[in-house]
Amino acid sequence: MRFSALVLLCVISSFAKANEEQDARERWADSPYGPMLERIIPPGFTGAMLPEPRSRGARLTRRYCVQCHNLANPAMHDAARWGTVVARMVPRMQGKGNLGKVMGEMMAGVQAPTPDEESTIIAYLQRHAQKALDPAKYPEVSAPAGEPFRLACRQCHVLPDPQRHTAAEWRIVVARMQKNMGWMNRVVGSKPMPGEPQLRIEDINAFLAKHARKK
């Protein structure tokens, strides 16, 4: 009986968190600035996909970071960059920023984290941040075989360390990134043009598989 009650409580808690995310998204998506805010981060990454989803860092990230745009994957940036990104976002959440009065209107009703919460969010994002590839460890990244991977991935973030995933996992990640790049109007090779870099998925997967973490 006690176990059933615990399971029910977990289900209700998960449902409430999902509703909270959805409510927050609808607030900005239905605002006059919705179309602009929606373009900041691609959709598809949810709170349930966050590392350590029950940790305080994950809960605060989910609470504050969906108020203005889609939820960001901690692996979107490397650890060094997350500190500056969050430091830039907090004043904007307070209605300050480079858009003057418009920023205040956009952030109406948005809550900003306390200094302690901000530190927790930064520490969480840095702990699960993208680990950058070390060119000295993977010299092939500068060779022709590594060019498709290098050109595609550095359009949005640092080049990831291939050891982060297995070859099978990388195929799933690359497929998701391909959708994100198309959504963000990055080079995806849908309409090949002479002289334009092309997104060669199989070549990217081949490079990552060669250097991926073994099962």
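**Exercise 1.** State whether Lys 210 is buried, partly exposed or exposed, and find its salt-bridge partner.

*Solution.* Lys 210 has a relative accessible area of 53%. Buried means under 20%, exposed over 50%, and partly exposed in between, with a 1.4 Å probe and protein chains only; Lys 210 is therefore exposed. Next, apply the salt-bridge rule: a side-chain nitrogen of Lys or Arg within 4 Å of a carboxyl oxygen of Asp or Glu. The side chain of Lys 210 meets that of Glu 140 at 3.1 Å, N to O. Glu 140 sits in the loop between α6 and α7, Lys 210 in helix α9, 70 residues apart. At 22%, Glu 140 is partly exposed.

The model is predicted: local features need pLDDT of at least 70, side-chain atom pairs count only at pLDDT 80 or more, and totals for chains, interfaces and linings use all residues. Residues are numbered from 1 along each chain as its sequence is written, and side-chain values use heavy atoms, leaving out hydrogens and water.

**Exercise 2.** Describe the salt bridges that Arg 127 and Asp 116 form.

*Solution.* The salt-bridge rule gives a count of eight. Arg 127 meets Glu 52 at 3.3 Å, N to O. Arg 127 lies in helix α6 and Glu 52 in the loop between α2 (34-38) and α3, 75 residues apart. Asp 116 meets Arg 56 at 2.9 Å, N to O. Here the link is from helix α6 to helix α3, over 60 residues. Asp 116, at 48%, is partly exposed, and so is Arg 56, at 34%.

**Exercise 3.** Classify the aromatic pair and locate its two rings.

*Solution.* Rings of Phe, Tyr and Trp (its six-membered ring) pair if their centres lie within 6.5 Å; planes under 30 degrees apart count as stacked, over 60 as edge-to-face and the rest as tilted. The structure holds one such pair. The centres of Phe 149 and Phe 207 are 4.8 Å apart and their planes at 25 degrees, so the pair is stacked. Phe 149 belongs to helix α7 (residues 147-153), Phe 207 to helix α9 (residues 201-211). Phe 149 is buried at 0%, and Phe 207 is buried at 3%.

**Exercise 4.** Find which helix gives the most residues to the largest nonpolar core.

*Solution.* A nonpolar core is a set of buried Ala, Val, Leu, Ile, Met, Phe, Trp, Tyr and Cys residues joined through side-chain atoms within 4.5 Å. The largest has 23 residues, and Trp 82 and Ile 121 are among those touching the most other members. The elements giving two or more residues are α3 (56-65), α4 (79-93) and α6 (115-127). Of these, α4 gives the most, with five.

Note on methods: Helices (H or I, at least four residues) and strands (E, at least two) are DSSP runs, numbered from the N terminus.
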